[in-house]
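Open the model in your viewer and keep the sequence panel beside it. The stops below say what to select and what to look for there.

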Amino acid sequence: MKPEVKQSLLGIIVVVILASMIGIGLNWKLLANAWSGKVVAKSPAGSSQLAIPLPLGLMQVKELFDKKEAIFIDSRDRNTYAAGHIKGAISLPLLEAGTLVAEFSGRIPNNAMLVVYCNGYACEDSVELGKQLLAAGYATVYYFDGGFPAWRDARYPTAGGKQ
C-alpha cells in the first residue's frame, strides 16, 4: 500500500473515531437509557395532548411481564377479552374509555408503567387508548404492537374469563 493511501486511511479512521467519541459523549444519557430499556420520551405536565405511547416488541413486553414492572391493559372489547387475554391484564375497552379512564385512574397510580395492547399490528385501539391514558396524566405508557395474537402465538401466559 502506498504511503499516501495509508496516511489518508489513518486520517479517515482518526476522524471517524473522534466523531464517534464526540457523538457518544454528547448523547451518553440517551444511549444509556436506550440500552437499558428506560423510557426516553415522557409526557411532561401540560403537553400530554400531543403525547403518543411508545411501541414495544414481544421480547420487551415479555421482560416487563416477567419482572412484573408494568400493568397490562387490554383495549379490546369485553367479549374478546373474556375469550383470552394476557394473564393479569386489565380490561379497558377503547369504546368505553371515555367513562372508564377516570375510574381506572382512581385505582392505578399515575406513576405506574402501562402496556396497552389489542389485536396486533393492524389494530390501532391500543395506540388510541394509550393517548387517552397519557392525557389522563400517566407518564409511562407503551403499546404492544404485536398485541394479543403475538403473545398467544408465543405461548406466553394467557387467561380467559372476565377477570
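In which strand is the place of Ser-91? Select Ser-91 and the strand that lights up is S4. The model is a predicted one. Ser-91 counts as buried, since its relative accessibility is 13% and the cut-off for buried is under 20%. Show its surroundings next: leaving out residues up to four places away in sequence, Ser-91 touches Asp-74, Arg-78 and Tyr-81.

**The sheet**

Now select the strands together. Five of them form an open sheet, and its order is S1-S6-S5-S2-S4. The pairing is parallel. S1 (54-56) and S4 (90-91) are at the edges with a single partner strand each, so each has one side without a neighbour in the sheet. Ser-91, the starting point, therefore sits in one of these edge strands.

Move inward to S5, residues 113-117. Is this strand largely enclosed or largely open? It is largely enclosed by the rest of the structure, because four of its five residues are buried.

Both flanks of S5 can be checked in turn. On one flank, select S6 (residues 140-144), which pairs with S5 in the parallel sense over five bridges. Label Met-113 and look across to S6, where its bridge partner is Thr-140. On the other flank, select S2, which is joined to S5 by parallel pairing over four bridges. Here the pair to label is Ile-73 and Val-116: Ile-73 stands opposite Val-116 in S5.

**Helix H3 over the sheet**

Add helix H3, residues 58-67, to the selection. Which strands does H3 lie across? They are S1, S2 (71-74), S5 and S6, and the helix runs at about 85° to S1.

Show side chains along H3 and pick Lys-62 and Asp-66. The two form a salt bridge, with 2.7 Å between the closest N and O atoms. They lie four residues apart in the helix, about one turn. The two ends of this salt bridge have unlike surroundings: Lys-62 counts as buried at 17% relative accessibility, whereas Asp-66 is partly exposed at 45%.

Then pick Glu-63 and Lys-67, also in H3 and also four residues apart. Their side chains meet in a salt bridge at 3.0 Å, N to O. Lys-67 is partly exposed at 48% relative accessibility, and Glu-63 is partly exposed at 43%.

A search of the whole structure gives six salt bridges. Another of them is found by selecting Arg-152 and Asp-153, whose side chains meet at 3.3 Å, N to O. Arg-152 counts as partly exposed, with 43% relative accessibility. Asp-153 counts as exposed, with 56%.

**Arg-76**

Select Arg-76 next, in the loop between S2 and helix H4 (78-83). Is Arg-76 buried or exposed? Its relative accessibility is 5%, so it counts as buried.

Expand the selection to its contacts. Apart from neighbours within four places in sequence, Arg-76 is in contact with Tyr-81, Gly-84, His-85, Pro-93, Tyr-117, Cys-118, Asn-119 and Phe-148. Tyr-81 was met before, as one of the residues that Ser-91 touches. To gauge distance from here, draw a line from Arg-76 to Ala-102: they are 18 Å apart, C-alpha to C-alpha, and 26 residues apart in sequence.

**The nonpolar patch**

For the last stop, turn on the surface and select Met-1, Val-5, Leu-9, Ile-12, Ile-13, Val-16, Ile-17 and Met-21. What do these residues form? They make up a nonpolar patch on the surface, and their accessible area together is about 790 Å². Centre the view on Val-16, which is found in helix H1 (residues 3-26). Val-16 is partly exposed, with 48% relative accessible area.

Conventions: Residues numbered from 1 in each chain as written. Predicted model: local features only at pLDDT ≥ 70, side-chain atom pairs only at ≥ 80, totals over all residues. Heavy atoms only, no water. Pairing = 2+ DSSP bridges. Helix = DSSP H or I, 4+ residues; strand = E, 2+ residues; numbered from the N terminus. Contact = heavy atoms within 4.5 Å. Axes fitted to C-alpha atoms, helices over the stretch in contact; angles between N-to-C directions. Patch = residues over 30% accessible without salt bridge, like charges linked within 9 Å, V, L, I, M, F, W, Y side chains within 5 Å. Areas by Shrake-Rupley, 256 points an atom, 1.4 Å probe, with all protein chains shown as cover. Salt bridge = Lys/Arg side-chain N within 4 Å of Asp/Glu carboxyl O. Buried < 20%, exposed > 50% of the residue type's maximum accessible area, 1.4 Å probe, protein only.
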